[in-house]
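Me: I'd like a close look at one part of this model, the salt bridges and what sits around them. Could you walk me through it in one go, with the distances and the burial?

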Amino acid sequence: MRQILFSGVIGLFLTLVGTPLLIKLLARKGYGQYIRDDGPRDHASKRGTPTMGGIAFILATLIAYAVTKVVTSSQPTISGLLVLFLMAGMGLVGFLDDYIKIVRRRSLGLRAGAKMLGQFIVGVTFAILSLNFADARGLTPASTHLSFTQDFGWSIGPVLFVLWALFMILAMSNGVNLTDGLDGLATGASVMVFGAYVFIGVWQYGQTCADAATAGASCYEVRDPLDTAVVAAALMGALFGFLWWNTSPAKIFMGDTGSLALGGALAALAIVSRTQLLMAVLGGLFVLITMSVVIQVGSFRLTGRRVFKMAPLQHHFELKGWSEVLVVVRFWIIQGMCVIVGIGIFYGTWVADW
């Protein structure tokens with residue numbers, strides 16, 4: 001358990017200290033955010049705020065994980081490395097998108113096709129790799145079964161699994177990206193979900209089927225549960241430190257660099273911990289905000305009318321007169337309730353199966 005404590009504390013320290021250095025560097029180079037002209041008027045004041053802040057917590061997470069392994073003399077696992085790979089890979093796609101926005105001085109970066117291609121390459125690579133590297137018990141980081149709190153049903157096969165994993169990765173990365181519209185909103189919401197995965201990883205480690213004491217009871221067939229908790233703790237700590245600078249009024253934005261990376265990490269944790277469908281509950285705010293966009297676009301195309309004043313959902317409430325801080329805090333409360341419900345379902349299922 002020392003690994004979890006070390007990774008969280010190191011990640012927190014690195015972003016608390018490193019983020020202001022990144023802010024100065026980005027400001028010196030003029031790498032500021034461009035704001036949509038059709039957005040809420042209050043957002044015009046955000047124009048020029050340094051963006052690509054995701055660099056800070058991506059590097060902090062990678063360093064925190066590496067230092068933890070050295071300090072505790074423990075070996076990295078393939079599951080932990082795959083989560084970090086997907087986070088960094090999606091972050092790279094987001095970085096290219098952010099960089100083009102800045103260089104070309106526009107609010108849109110990569111073309112939709114190029115951005116989707118980058119996400120596709122990274123996502124498919126992760127999915128294929130996750131079905132390999134079996135351990136002594138024959139467990140790979142991911143399985144070809146669907147999962148809620150554990151694997152269930154028949155195997156869907158490797159091809160369908162890759163497609164399913166890609167859908168999860170695209171859905172979560174774009175869900176976090178849509179949520180990242182107000183100061184600290186996506187950061188704070190993500191902290192809660194990563195905190196949930198620290199608990200899930202620790203619990204699965206304590207109730208692993210590899211342990212003879214629990215193998216006959218309700219146990220978990222997960223390859224590297226403790227190391228997924230270490231990665232989740234590093235992310236949670238790094239985001240806590242980043243939130244100090246990202247909360248209203250934000251001194252830096254995470255940009256697509258950060259939001260795509262966080263979505264990728266969340267999807268990866270759900271896949272390797274065998275909690276794929278539970279992610280829809282744990283990340284309920286991201287699902288809600290994504291659905292608001294789907295509903296808005298679908299309604300406008302079918303009827304010519306908009307359901308919300310503006311999508312994503314957080315901007316609808318801004319246009320109704322809620323202050324930005326009020327929207328963020330209330331949405332954090334919603335996300336907190338989603339995490340509580342998700343953890344309750346996870347634990348309740350274990351109790352019911354005992």
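Reply: Searching the whole structure, which is a predicted model, turns up nine salt bridges. Side chains of opposite charge can pair when their charged atoms come close.

Let's start with Asp227 and Lys69, whose closest N and O atoms are 2.5 Å apart. Asp227 belongs to helix H7 (residues 225-246) and Lys69 to helix H2 (residues 54-71), so this pair ties together parts that are 158 residues apart in sequence. As for solvent, Asp227 and Lys69 are both buried.

While we're at H7, here is a quick check on the helix itself. With 22 residues at 1.5 Å a residue, H7 should span 32 Å, and its end C-alpha atoms are 30 Å apart, which agrees. H7 is also mostly covered, with 18 of its 22 residues buried.

Next up is a pair that stays within one helix. Asp97 makes a salt bridge with Lys101, and here the closest N and O atoms are 3.6 Å apart. Both residues sit in helix H3 (residues 78-104), four residues apart, or about one turn of the helix. An α-helix has 3.6 residues a turn, so residues three or four places apart point the same way. How covered is this pair? Asp97 has a relative accessibility of 2%, so it counts as buried. Lys101 has a relative accessible area of 14%, and because the cut-off for buried is under 20%, Lys101 is buried as well.

Now for another link across the sequence: Arg274 and Asp151 form a salt bridge, with 3.2 Å between the closest N and O atoms. Arg274 is in the loop between helix H8 (255-272) and H9, while Asp151 is in strand E2 (residues 151-152), so the pair ties together parts that are 123 residues apart in sequence. The two ends are not covered alike: Arg274 counts as buried at 3% relative accessibility, whereas Asp151 counts as partly exposed at 32%. Then there's a network, in which salt bridges that share partners join Asp97, Asp98, Lys101, Lys115 and Asp256.

One residue to look at alongside that network is Thr257, which is placed in helix H8. Thr257 is buried, its relative accessible area being 2%. Its side chain makes a polar contact of 2.7 Å with the side chain of Asp98, and Asp98 is one of the network members. The side chain of Thr257 also reaches the backbone nitrogen of Phe95, at 3.4 Å.

For contrast, take the second largest pocket, which holds about 410 Å³ of space. Its lining comes from 18 residues, and those nearest the centre are Phe167, Met168, Ala171, Met172 and Val287. Helix H5 (157-179), helix H9 (279-282) and helix H10 (284-303) are the elements that each give two or more residues to this lining. H5 provides the largest share, at nine residues. What classes of residue make up that lining? There are 14 nonpolar and four polar residues, and no charged ones.

To pull the salt-bridge picture together: Asp227 with Lys69 ties H7 to H2, so parts 158 residues apart in sequence are linked. Arg274 with Asp151 likewise ties a loop to strand E2, while Asp97 with Lys101 stays inside H3.

Key
Residues are numbered from 1 along each chain as its sequence is written. This is a predicted model: local features need pLDDT of at least 70, side-chain atom pairs count only at pLDDT 80 or more; totals for chains, interfaces and linings use all residues. Side-chain values use heavy atoms; hydrogens and water are left out. On a 1 Å grid over the protein atoms alone, a cavity is a set of points where a 1.4 Å probe fits but cannot get out, and a pocket is an open set with protein on both sides within 12 Å along at least five of seven lines; lining residues have an atom within 4 Å of a point. Grid points are joined across faces, edges and corners, and a volume is the space filled by probe spheres set on the points. Ala, Val, Leu, Ile, Met, Phe, Trp, Tyr, Cys and Pro count as nonpolar, Asp, Glu, Lys and Arg as charged, and the others, Gly among them, as polar. A salt bridge is a side-chain nitrogen of Lys or Arg within 4 Å of a carboxyl oxygen of Asp or Glu. Buried means under 20% relative accessible area, exposed over 50%, partly exposed in between (1.4 Å probe, protein chains only). The expected span of a helix is 1.5 Å times one less than its number of residues. A polar contact is a pair of N or O atoms within 3.5 Å; within protein, one must be able to donate a hydrogen and the other to accept it, and residues adjacent in sequence count only if both atoms are side-chain atoms.
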